[in-house]
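Trainee: Got a minute to go through this model with me? I'd like to see how its parts touch.

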Amino acid sequence: MSQAIENVASALTRIDQIDPRVRAMAAIWSDRATSRAETLSAPRDAKSPLWGMPVAVKDNICTLDGKTTCASRILEDFQSPYAADVVERLERAGAIIVGKTNLDEFAMGSTTENSGLFPTLNPWNPEYVPGGSSGGSAAAVASRMVEFALGSDTGGSIRQPASFCGVCGLKPTYGRVSRYGLVAFASSLDQIGPLATNAWQLAVLLGVIAGHDSRDSTCFDTPVPDYVSMLNEPMGRLRIGVAAEYFGDGVHPETRKAVESAIETLKKLGAEVSEVRLPHTKYVIACYYLICTAEASSNLARFDGVRYGHRTESPKDYFEVYSKSRAEGFGAEVKRRIMLGTFALSSGYYDQYYNKALRVRTLIRQDFDRAFEQCDAILSPTTPTPAFKFGEKSHSPLEMYLTDIYNCAANLAGIPALSIPCGHTSDGMPIGLQLMGKHFDEAKLLQIAHQFQQVTDFHKKRPAICA
Amino acid sequence: MSDLKIRPIIGLEVHVQLATRTKLFCPCELEFAAEPNSRTCPVCLGLPGALPVMNRQAFEYAVLGGLALGCDIAPLTKWDRKSYYYPDMPKNYQTSQYDLPVAFDGSFEILASDGTTKKIGIIRAHLEEDAGKNMHEGLDHTRVDLNRAGTPLLEIVTQPDIDNADDAYTFCVELQRLVRFLGISDADMQKGQMRFEPNVNVSITTPDGTEYRTPISEVKNLNSFRSVRGAIEYEIQRQVHAWEDDHGYTLANKGKQNYGWNDAREVTEFQRGKEESHDYRYFPEPDLVPAMLDDSAIESFRARVGELPLARERRYIECYGMTQKDCEIILADLPTAELYEAAANSGADPKTLTKQFVGVWNQLASTHNTTISRLGINSEVVADLAKLVDAGTISASAASQIAEHIYKTGIAQTAGVADIAAKLGLIQERDEGRLEAWIDEVFAANAQAIEDALQNPKKAKAAAGFLRGQLMKVSQGKADPKLAGDLIEKKLNALKDGAD
């Protein structure tokens, strides 16, 4: 039996055993993955460590097989007639997709509670949320159903669930990975990225999905470095910046302690740690939610029941095809964001809201440009608190939005950022640290993360559910 | 009404479909009347996750069009989304250009109905994608064909500088000639490749000097020159009458209103007022990057545009003695005009050239269902053919045969035009000895005609013509008709002198 067949069989077994208790998977591709493993008879290509490896893909990334639902009722039966660029790259590299993962509907949310399918549970404790929106991918990796998964990150949707689930997740530089085939939430912020159990795996997966794609005008034609071979290179002089704005009052004491201890570890590895300033941080959430809702209101206009997706039964006229199909097909959070975004773009409000947000975005970007004159990476907690319980914040959209407070700036600035585990609370829930880097400097972030993981084993700790 | 001073104020919005091979944001080919929805892909169907990529050719055509309209070209031009829901709009937003159009601040000259040339200001010209087509089939359903969705359009917006329907008509015709001349659009009205939306209102000044302005009517989606004129004429009348009935019928009170044109009844029909106007919620298209052009690129595009058709027409009439009809053919497109000028510059007689462009070359092109510029000929061949006719080496009708031969064998295989004429046996006989021998033969066989020519003034002219015709027959068409005519006349004169 080939390694691929063995890998897939054991992934499917784990999914069978564990997923009913985690509900990370939106769709499980047993037959397809098995037959693909069987036909993947080519000798293992030494250049592709992903050959024959099971991978899970977030269900807002188009695949030719199966459905692409975005965890929305409006796309519950949608089958894409084409595959995303990242999916084509995975297949070329010999990876085997074993299923699609759950998410907050159209990637809008921080807990998977907004999934139109069902919520995913945190593998460390089913009373806790797994984070979101890539909660399914993070939970699948955390419970070791797969070691590799793809997520998408618009305002922390990879890093925040990675942190809540104790796995590693990377949001690449905007334009590093093609968005072709990623169902758009906010086009100027969205980026596909890897989730995995360690930094080495992140480097492997990023190396496969990164690179130019002529079908995405915003995808850069910048050479893709060999991330894996750079992991062990000596870091030389490493300057890590720490911003007071990312250690505010809202930071949970245990989170603070774990991150401070990680800083000490990095110092022992030779890092120089200094203060940097990111003075516009206080505007990040407002700026982010104006831009992402405005773009979302336009991106989601195409879901109208005319060509595909849910269409209301017996509409009275074409207007009702729209109004009822959309009213029935979208969940509450998606509707909220469409309305906010529509408002922000309305005549008479555009300058006051959207245009102002664009100007603030420039200031936020400049904050980072200046900070990166003094350091190579900026370290912070990924989230102010560890994972919280179901229902704890779902009553207040604003409180929910604030869970992304340390994540959205990287999307607004277009810079890469990753999250890796750096501790656990007394209740045993994981804590994550975030590293933000310069444009196209994923290699540096991965190097720091990898070398940190050579001297720590937070990333090796598994939830009891895996046992 | 006779005491009122009426001044129509007319601006035009024109959509011109660009003659690219593929759509504006995807590689689907543009094909008129193809099987519905057969020219579509994830991008133009607006499928989830699909992304647009700008067609550079469309952008360059827009730049050429903008320059020809005397516009400034934006060094940086960006895309915007214009939101509105309609079933023929796959994304429910149109990718267009809002605040940074590719071209702006131009002016375009037309020959106005009063005989003067008028400059019509151009506010802007921008690129946008077309929508698909809704096909309403009865009461219970509509089918949508998205083949047209994503077709590149150049939208040209004029200043309200036009004050009568005839000039609006002329502007549209001149614009059609321009875009065809530049090769940026086929501007085929039958295929909807040019569509017009006049904005019309009227300034009415009463004898006491008070000026009133009627509400602006935007007449949507006209697809013929005739309907442009008809709709404007109708609107001017309608607005004046409406104001006469109610002096509150003003722009200040009513704003801008949309009308449609009923082609059968030749009337405009109210669609919606300002209250129902859309909020398009424009915002910058995040899926596309701005398109940039540096000064040197703009200058090289400007050089490609050169002199415009109207100015060329004036010059051709003056310098080359062309008629307007001739100009229609020779100014069909830029390569044809340049072919003509190059041939004229190399010494061929313009009159003969014009004759051959209109006769020989244009006929050849239409026989083979193509255009002069696509015949694959060069200025050398064109000039030589004209020179051979002028020199009497070949006949005018032989020129057509030679042209046909050149077209069929291809320019690369073409030896000198004179060699072809010789090979085809089309060189005219100009040897006087040979010609006189033929003349003798003809005279010997046609005594009656000679008698008529010499003695019957009523029939003299016809008889001489008959003799020339007989000579061409005897010479199997090889005789140079002019020289032959001269010799026949000489011989008749000699006979006449002898008789006296």
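Mentor: Sure, let's go through the domains, one residue and then the chain pairing.

Mentor: Keep in mind that this is a predicted model, where local features need pLDDT of at least 70 and side-chain atom pairs count only at pLDDT 80 or more, while totals for chains, interfaces and linings use all residues. Residues are numbered from 1 along each chain as its sequence is written, chains are lettered from A and ligands numbered from 1 in the order in which they are written, and side-chain values use heavy atoms, with hydrogens and water left out.

Trainee: OK, how is chain A divided?

Mentor: Into domain 1 (3-266 + 379-466) and domain 2 (280-365); those bounds come from an automatic or database domain assignment. In the contact (heavy atoms within 4.5 Å), domain 1 of chain A puts in 31 residues and domain 2 of chain A 29 residues.

Trainee: What area is buried between domain 1 and domain 2 of chain A?

Mentor: About 2,800 Å², with carbon and sulfur atoms giving 67%. That's accessible area (1.4 Å probe) that two parts lose on being put together, summed over both. On the domain 1 side of chain A, I74(A), Y401(A) and L412(A) supply 29% of the area buried against domain 2, more than any other three residues.

Trainee: And how many salt bridges between those two domains?

Mentor: Zero, counting a side-chain nitrogen of Lys or Arg within 4 Å of a carboxyl oxygen of Asp or Glu.

Trainee: Switching topic: is S163(A) buried or exposed?

Mentor: S163(A) is buried, at 1% relative accessible area. Buried means under 20% relative accessible area, exposed over 50%, partly exposed in between (1.4 Å probe, protein chains only).

Trainee: Which residues is S163(A) in contact with, leaving aside neighbours within four places in sequence?

Mentor: T382(A), T383(A), S419(A), P430(A), I431(A) and G432(A).

Trainee: Now chain B. How many residues of chain A are in contact with chain B?

Mentor: 38 residues of chain A, against 29 residues of chain B. The buried area there is about 2,700 Å², and carbon and sulfur atoms give 58% of that. S217(A), R302(A) and R307(A) lose the most area on the chain A side, together 22% of what that side buries.

Trainee: How many salt bridges between chain A and chain B?

Mentor: One. R179(A) pairs with D287(B) in a salt bridge, and their closest N and O atoms are 3.0 Å apart.
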